[in-house]
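Subject: Structure for your files

Dear colleague,

Here is the structure I said I would pass on. My notes on what I found come after it.

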Amino acid sequence: MKINISDIENNEKNFSDINFSEIIEEFNKETPVKAKLRAELIGDIIKITGEISAYVNLVCDKCLKEFTKEINFSVEETYNRYSLEESYSQEFELKSNNFSVDLNGENEIDITDFVYQSVILHIPNKLVCDINCKGDEIINKYIKKEISDPRLEIFKNIKIEKDN
Ligand SMILES: [Zn+2]
């Protein structure tokens, strides 16, 4: 899905409300990613705000089983309609403390890509299928064995001699 900036400009309200609902196969083949967004034109800046909700298929770090996680979050992103002068751009980014994307005169914003990138950024670093996940038995045994392997004990007693 793409939005046309001229359409927003020609709209009296200077904003468009977007009801996004699309299957993004990388996340989930059955359930569409949903988003309620508003694209607002403020001078030469397009501001996109709203809520995104996605079901994402992931792999548990502890038991290696696949599971589906629901991710909900708010977004706020700004696009510059035209490329800003470098000095001005830096000043703007420092002031707003927010990275904004230059469209370089491009008249469209790819909302599907925007939603995709936003979901990627909100996938947690640690993935656990369930708060009570005990992990995979074989993996657990392997980890335990590694730690208490008597053959590794010898390394604890090695003293490195230094040349003085
Ligand atoms: Zn698990």
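The notes below go from the whole chain to the metal site and then to single elements.

This is a predicted model, in which local features need pLDDT of at least 70, side-chain atom pairs count only at pLDDT 80 or more, and totals for chains, interfaces and linings use all residues. Residues are numbered from 1 along each chain as its sequence is written, and side-chain values use heavy atoms, with hydrogens and water left out.

Overall

The protein chain has five helices and seven strands; helices (H or I, at least four residues) and strands (E, at least two) are DSSP runs, numbered from the N terminus. Their order from the N terminus is β-α-β-β-β-β-α-β-β-α-α-α. Of its 164 residues, 27% count as buried; here buried means under 20% relative accessible area, exposed over 50%, and partly exposed in between, with a 1.4 Å probe and protein chains only. Contact means heavy atoms within 4.5 Å. Among contacts between residues at least 6 apart in sequence, 55% join residues at least 24 apart.

The zinc site

Cys-60, Cys-63, Cys-129 and Cys-133 coordinate the zinc ion through their SG atoms, at 2.3 to 2.4 Å. Donors are N, O and S atoms within 2.8 Å of the metal (3.2 Å for Na, K and Ca); water is not among the atoms, so sites may look incomplete. The arrangement is tetrahedral because the four donor atoms subtend angles of 103 to 114° around the zinc ion. For the term itself, four donors count as tetrahedral if all angles lie between 85 and 135 degrees. Along the chain the donors follow the spacing C-x2-C-x65-C-x3-C. The pair Cys-63 and Cys-133 links distant parts of the chain, 70 residues apart: Cys-63 is in the loop between strand 4 (45–59) and strand 5 (66–80), and Cys-133 in the loop between helix 3 (111–121) and helix 4 (137–148). Cys-63 is buried, at a relative accessible area of 9%, and Cys-133 is buried as well, at 11%.

Leu-64 also lies in the loop between strand 4 and strand 5. Leu-64 is not a glycine, yet its phi is positive, at about 65°. With 54% relative accessibility, Leu-64 counts as exposed. Leaving aside residues up to four places away in sequence, Leu-64 touches Val-59 and Ile-139. From Leu-64 to Gly-135 the C-alpha to C-alpha distance is 7.9 Å, with their positions 71 residues apart in sequence.

A second non-glycine residue to look at is Asn-104, with a positive phi near 50°. Asn-104 sits in the loop between strand 6 (100–102) and strand 7 and is exposed, at 55% relative accessibility.

Helix 3

Which residues of helix 3 are buried? They are Ile-111, Thr-112, Phe-114, Val-115, Ser-118 and Val-119. These residues are on the same side of helix 3, because they cover an arc of only 160° around the axis; the arc is that of the directions from the helix axis to the C-beta atoms. An α-helix has 3.6 residues a turn, so residues three or four places apart point the same way. The cover over the buried residues of helix 3 includes strand 1 (2–4), strand 2 (15–22), strand 3 (33–42), strand 4, strand 5 and strand 7 (108–110).

Strand 3 and its neighbours

On strand 3, Val-33, Ala-35, Leu-37, Ala-39 and Leu-41 make up the covered face, while Lys-34, Lys-36, Arg-38, Glu-40 and Ile-42 make up the uncovered one. In a regular strand the side chains alternate between the two faces of the sheet. Two strands pair if DSSP finds at least two bridges between them. Strand 2 and strand 3 run antiparallel and are joined by eight bridges; Ser-16 has Ala-39 of strand 3 as its bridge partner. Strand 3 pairs with strand 4 over nine bridges, also in the antiparallel sense, and Ile-42 stands opposite Ile-45 of strand 4. These two strands, 3 and 4, form a hairpin with two residues between them, and Gly-43 in the turn has a positive phi of about 60°.

Asn-28 is in the loop between strand 2 and strand 3 and is buried, at 4% relative accessibility. Not counting residues up to four places away in sequence, Asn-28 touches Ile-23, Tyr-55, Asn-57 and Thr-68.

Regards

Technical notes
Tetrahedral: all angles 85-135°; square planar, octahedral: opposite > 155°, others 65-115°.
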